[in-house]
Amino acid sequence: MLIASQLEPTYARTVYPCFDEPAMKATFNIRIVHDPSYVALSNMPAIDVSEMKDENGSLWRVTTFNTTLKMSTYLTAFVICDFDYVTRTERGNEIRIWARKEAVKNGYVDYALNITGQIFSFLEDLLNVSYPLPKTDLVALPDFGAGAMENWGLMTFQESSLMYLPSDKFTSRKAMIAIIVSHEIGHQACEMLRHFFFLFKWFGNLVTMNWWNDLWLNEGLASYFEYLGATFVEPKLSLDKIFSDHVVQPVLREDNEIGVRSLSESEDKIKGSLMSLFDSITYNKGASVTWMLSGFLTEKLFIRALTLYLKEFSFLNADQDDLWTHIQMVVDAQDEVQLPASVKQIMDSWTCQNGFPVLTLNLTTGTISQEQFLNKKNGNSTNSYNNTWIIPISWMRNGSSQPLVWLDKSSKVFPEMQVPESEYDWVLLNVNLSGYYRVNYDQLNLKRLLRLLENDPKAIPAVSRFQLIDDVFALTEFGYIQIETALELTKYLAREDELFIWNLVLLNLVPENLESTLKNYEVYPLLKKYLLKRMLPIYHYYAGFIRENVDALEDDYFAQVYLEKLFATACWLGLQDCLNLSSELFAKWMENPEYKIPFLIRRTVCCYGVAVGSDKEWNFAWEMYNHTDTTKEDKDILLSAMSCAKESWLLYRYLQYGLSDALFSCNCTSIIILSVVTKDIGHRIAWEFVTENW
């Protein structure tokens, strides 16, 4: 048995009577009566453990905890479990990681223990604020809907977010754990982000009732710091590439519809469930705007302002504008960074308006104009939206960085961006995606960038190449430019060696569900001809590692995240070497079931091993699926791989198996039908099967 609480945003009221509002703080005295064979945990250390009998004479244990600091109701927490823990003390803060006994014994939480103290210290030093609690427990829960929760002193996580198998050499797993732990400690460590916004700030003379509409300040700032913390403990991770790929690019894809809310809403605009605020606008847009703010202020000034703010507002009342005021104070006290308007005016243009701008550069006149990025194909006339932003523009000319400029009206001429007749001069805006916006270049500049990419792609920084490609495909999709313009920009790809850029290209050019698009007979042969010859260099580079020394990729984060997509696409496009490699590795596994197919491409190898093979390969996959030692992850891979068979009778038999309770412990019928129906030859077979067995 296991009990764990999750009280954010409004569930504390279901546990104890309270004014369940974030600004109404109290201290809490918690006592838990529980079965003596279990341990009880809460926000503070236990100060007394005694025993009592109920009226039936049964023995119970009573655990009493120290009084908490003044805090919000939603941060109170408790866990009752029979877990074990590992522990260490960092600067007087006792850190314990709790998990199932066998997981602790096997060392699965050792990595989390190693990095937690480091991240605490990193954030304390960075913000010059010390952590106010005597202990911190992190608990790995086998089943937890929230992913992770920053309860003060008792953080809870899904097991997968906290466990790292010592046998797993690959950084991506470590990176994911480092990112999640940093995020929660970003809330926790120096309660600077959450608790100086949510705990220490508002009790005292409560003048204004700050509420969940300020959520982005907490989650957005924590999301920003999570990447700083993760790259601190895993220095081989590239902060700007991962941040652009995981945070900025996904939210730019979402934040462009008319109904999308702004980051900061007034309280009366928040309708329905508060849970809807826990979305990518809050987390990713919040982090992206913070990244931009830190960029134009410089990190040094940004951290200085945050520290000042945290110290000034301990135990006082404040709101978002107070943060802008404190940043303004730091800006006014120096003369290196000059801003075109007050911090509040600049930041309100990003937090109080929905969406974001697209900038259009005319190279001949040096004019940059801005408008809200909306789908022109939906008949949105841009005139009805008069949103303008105050935009920091980092830029480079012919490869050398230029001083930051600002666009604070709908359009403006920058004489320094007028490029003479020389056909080799080029300009690049929003270098390394430092600002939260898209850029639309005129044909003249695009042609020059295209030539540059074909001759010397590395002249443009990797994140800027990533952004160029993302922008042109988004501009195409929304009717700003023609698809030919976007495709022109992909011509250079044979010289592109960054997997995160390739992944973006494949997201835009190759349908997510590969097989079912074979029905689109016009596009497939063209994609095959166009993409394959450009993919060959990067494919062969990684295939070499897979064949010779896959362990050499253990620090290549993007190989672990995106190599599967590259290989799956190469096999789908019929690249013979990819099909051969899948057959070889699958055959090796059949000869020796102890052999492990490299995890980076296991899904692709299993699928194409079955596809290229006969019933012998299929039967082996079936046998391994039913093997008691097979992990859940591998079972999922095999469940999908068995639908890759190219012989109709195998697929039919598989669908038949799917109906049998005796053959499957899970209720897999619908999963199997869905897997088969997405395959090219499986589509008709699955339909016939469903109608016959309705």
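**Cysteines, salt bridges and a buried arginine**

Cysteine 352 comes out as partly exposed, because its relative accessible area is 42%. That value, like everything else here, was computed from a predicted model. Another cysteine, cysteine 606, sits on the other side of the cut-off: with a relative accessible area of 2%, cysteine 606 is buried, since anything under 20% gets that label. Cysteine 606 takes part in no disulfide. The nearest cysteine sulfur to that of cysteine 606 belongs to cysteine 607, and it is 8.8 Å away, whereas a disulfide calls for two sulfurs within 2.5 Å.

So which cysteines do pair up? The count for the structure is two disulfides. One of them links cysteine 571 with cysteine 578, with 2.1 Å from S to S. The torsion about that S-S bond is about -90 degrees, so the disulfide of cysteine 571 and cysteine 578 is left-handed. Cysteine 571 and cysteine 578 are both buried.

The other bond runs between cysteine 607 and cysteine 644, again with an S to S distance of 2.1 Å. Here the torsion about the S-S bond is about -110 degrees, which makes this disulfide left-handed too. What does this pair link? It connects distant parts of the chain, 37 residues apart: cysteine 607 belongs to helix α18 (residues 602–612), while cysteine 644 is found in the loop between α20 and α21. Both ends of the bond, cysteine 607 and cysteine 644, are buried.

Just past that loop, helix α21 covers residues 648–658. Which of its residues are buried? They are Leu650, Leu651, Tyr654, Leu655 and Gly658. Looking down the axis of α21, these buried residues fall within an arc of 135 degrees, so they line one face of the helix. As for what lies over them, the cover includes α19 (615–625), α20 (632–641), α22 (669–677) and α23 (682–692).

Turning to charged side chains, a search of the whole structure turns up 28 salt bridges. One of the pairs is lysine 241 and glutamate 498, whose side chains meet at 2.8 Å, N to O. Lysine 241 is part of helix α6 (residues 239–254) and glutamate 498 is in the loop between α13 (483–488) and α14 (499–509), so this salt bridge ties together parts that lie 257 residues apart in sequence. Lysine 241 and glutamate 498 are both buried.

Other salt bridges involve residues with more modest cover. In one, glutamate 371 pairs with lysine 376, and their closest N and O atoms are 3.5 Å apart. Glutamate 371 has a relative accessible area of 22%, so it counts as partly exposed. Its partner, lysine 376, is also partly exposed, because its value is 33%. Glutamate 488 and lysine 491 form another bridge, with 3.3 Å between the closest N and O atoms. Glutamate 488 is partly exposed at 33% relative accessibility, and lysine 491 gets that label as well, with a relative accessible area of 36%.

Some salt bridges share partners, and in this way Arg253, Arg438, Asp470, Asp471 and Glu477 are joined into one network. Arginine 438 is worth a second look. This residue lies in strand β18, which covers residues 438–441. Is arginine 438 buried or exposed? Its relative accessibility is 0%, so arginine 438 counts as buried. What does arginine 438 touch, leaving aside residues up to four places away in sequence? Its contacts include the network members Arg253, Asp470 and Asp471. Arginine 438 also touches Leu252, Phe356, Pro357, Val358, Leu359, Phe373 and Ala474. For a sense of scale, the C-alpha atom of arginine 438 is separated by 50 Å from that of tyrosine 657, a residue 219 places apart from it along the chain.

Finally, there is a nonpolar patch on the surface. Which residues form it? The patch is made of Val33, Met52 and Trp60, and together they have about 240 Å² of accessible area. Valine 33 is in strand β2 (residues 31–34). At 41% relative accessibility, valine 33 is classed as partly exposed, because its value falls between the cut-offs of 20% and 50%.

How values were computed. Residues are numbered from 1 along each chain as its sequence is written. This is a predicted model: local features need pLDDT of at least 70, side-chain atom pairs count only at pLDDT 80 or more; totals for chains, interfaces and linings use all residues. Side-chain values use heavy atoms; hydrogens and water are left out. Patches are made of residues with over 30% relative accessible area and no salt bridge: like charges are joined within 9 Å, nonpolar side chains (Val, Leu, Ile, Met, Phe, Trp, Tyr) within 5 Å. Accessible areas come from the Shrake-Rupley method with a 1.4 Å probe; for residues, only the protein chains shown count as cover. A salt bridge is a side-chain nitrogen of Lys or Arg within 4 Å of a carboxyl oxygen of Asp or Glu. Helices (H or I, at least four residues) and strands (E, at least two) are DSSP runs, numbered from the N terminus. Buried means under 20% relative accessible area, exposed over 50%, partly exposed in between (1.4 Å probe, protein chains only). The arc is that of the directions from the helix axis to the C-beta atoms. Contact means heavy atoms within 4.5 Å.
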